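Thanks for sending this one over. Here are my notes, written as short numbered points that you can read with the structure open beside you.

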Amino acid sequence: MKYKFLFFLFILTFYISNSYSQTIAYANFDKIVKTSIVGKKIINYFSEKNKKMMKEIKLKESKIIESEKSLLSQKNILESDEYVKKVDSIKIEIDEFNNYRKKQLKIFKSEKDAVTKAFINEINKILKDYAELNKIDVIFSSKQLLIGKSSLDLTENILKDVNKKITKFQINE
């Protein structure tokens with residue numbers, strides 16, 4: 001009887017310890033986003049778009065500055081009402097420029113956020129599939145982790161999956 005009880009206790013202990021074990025891993029999500037093929041294309045696309053937009057904004061800004069300098073040089077030549085009208089005109093132009101710049105930056109940010117969100121959603125699907133396929137219970141971001149075994153780092157494996165599974169990613173302009 002005593003042996004049966006000890007055997008039962010041993011089996012129960014073994015079963016409980018195995019039933020509560022979880023497979024945990026981590027991955028560097030930023031590295032996956034920034035170094036994947038599609039991630040690099042997205043980053044390059046928005047970098048180029050930002051450069052182009054800033055160049056256009058600087059050009060408009062320089063035109064306004066030139067017209068302002070021109071007006072200041074004509075201050076003593078122009079009649080006061082005409083000068084005031086031109087000053088008001090430049091103020092309106094500056095306000096329109098500021099509104100245009102804010103609108104362009106807002107459009108750029110919202111487009112970039114939408115594309116980034118869609119890309120991250122695709123990566124999350126791959127992470128979910130990877131976890132299910134490899135029977136991993138939890139995948140942490142390496143940012144949330146202080147230290148961990150390098151054998152638990154799935155970054156490279158997931159990066160390979162992302163590059164293999166996300167080959168076409170549409171950016172709507």
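1. Is Ile 123 buried or exposed? Ile 123 counts as buried, because its relative accessibility is 0%. Do keep in mind throughout that this is a predicted model.

2. Let me stay with Ile 123 for a moment. Ile 123 sits in helix 4. Setting aside the neighbours within four places in sequence, Ile 123 is in contact with Phe 29, Ile 32, Val 33, Val 162 and Ile 166. You can also look at Asp 161: this residue is 38 residues from Ile 123 along the chain, and their C-alpha atoms are separated by 9.2 Å.

3. Now for the overall layout. The protein chain has five helices and two strands, and along the sequence they follow the pattern α-β-α-α-α-β-α. Of the 173 residues in the protein chain, 22% are buried. Among contacts in the protein chain with a separation of 6 or more, 85% come from residues 24 or more positions apart.

4. Helix 3 and helix 4 deserve a look together. Helix 3 covers residues 37–73 and helix 4 covers residues 80–133; their axes come within 10 Å and cross at roughly 175 degrees. An angle over 145 degrees counts as roughly antiparallel, and therefore helix 3 and helix 4 are roughly antiparallel to each other. The residues of their contact divide into 20 nonpolar, four polar and 10 charged.

5. I also checked the lengths of these two helices. With 37 residues at 1.5 Å a residue, helix 3 should span 54 Å, and its end C-alpha atoms are 54 Å apart, so the two values agree. For helix 4, 54 residues should span 80 Å; its end C-alpha atoms are 79 Å apart, which agrees.

6. Which residues of helix 3 are buried? They are Val 38, Gly 39, Ile 42, Tyr 45, Phe 46, Met 53, Ile 57, Ile 64 and Leu 71. What covers them includes helix 2 (29–35) and helix 4. When you view such a list on a helix, it helps to remember that an α-helix has 3.6 residues a turn, so residues three or four places apart point the same way.

7. The buried residues of helix 4 include Tyr 83, Ile 90, Phe 97, Phe 108, Val 115, Phe 119 and Ile 123. Glu 111 is also on the list of buried residues in helix 4, and you may like to pick out this residue on your screen. Just after helix 4, Lys 135 takes a positive phi of about 55 degrees.

8. Next, the aromatic rings. The count comes to two aromatic pairs. In one pair, the rings of Tyr 45 and Phe 46 have their centres 4.9 Å apart and their planes at 80 degrees, so this pair is edge-to-face. In the other, the ring centres of Phe 46 and Phe 108 are 5.8 Å apart and the planes are at 80 degrees, so this pair is edge-to-face. The Phe 46 and Phe 108 pair links distant parts of the chain, with Phe 46 in helix 3 and Phe 108 in helix 4, 62 residues apart.

9. A last point on those rings. Tyr 45, Phe 46 and Phe 108 form one aromatic cluster. Phe 46 is buried, with a relative accessible area of 3%, and Phe 108 counts as buried at 12% relative accessibility; the cut-off for buried is under 20%.

Terms used. Residues numbered from 1 in each chain as written. Predicted model: local features only at pLDDT ≥ 70, side-chain atom pairs only at ≥ 80, totals over all residues. Heavy atoms only, no water. Axes fitted to C-alpha atoms, helices over the stretch in contact; angles between N-to-C directions. Helix = DSSP H or I, 4+ residues; strand = E, 2+ residues; numbered from the N terminus. Parallel < 35°, antiparallel > 145°, perpendicular 65-115°, else oblique. Nonpolar A, V, L, I, M, F, W, Y, C, P; charged D, E, K, R; others polar. Buried < 20%, exposed > 50% of the residue type's maximum accessible area, 1.4 Å probe, protein only. Contact = heavy atoms within 4.5 Å. Expected span 1.5 Å × (residues − 1). Phe/Tyr/Trp six-rings, centres within 6.5 Å; stacked < 30°, edge-to-face > 60°.
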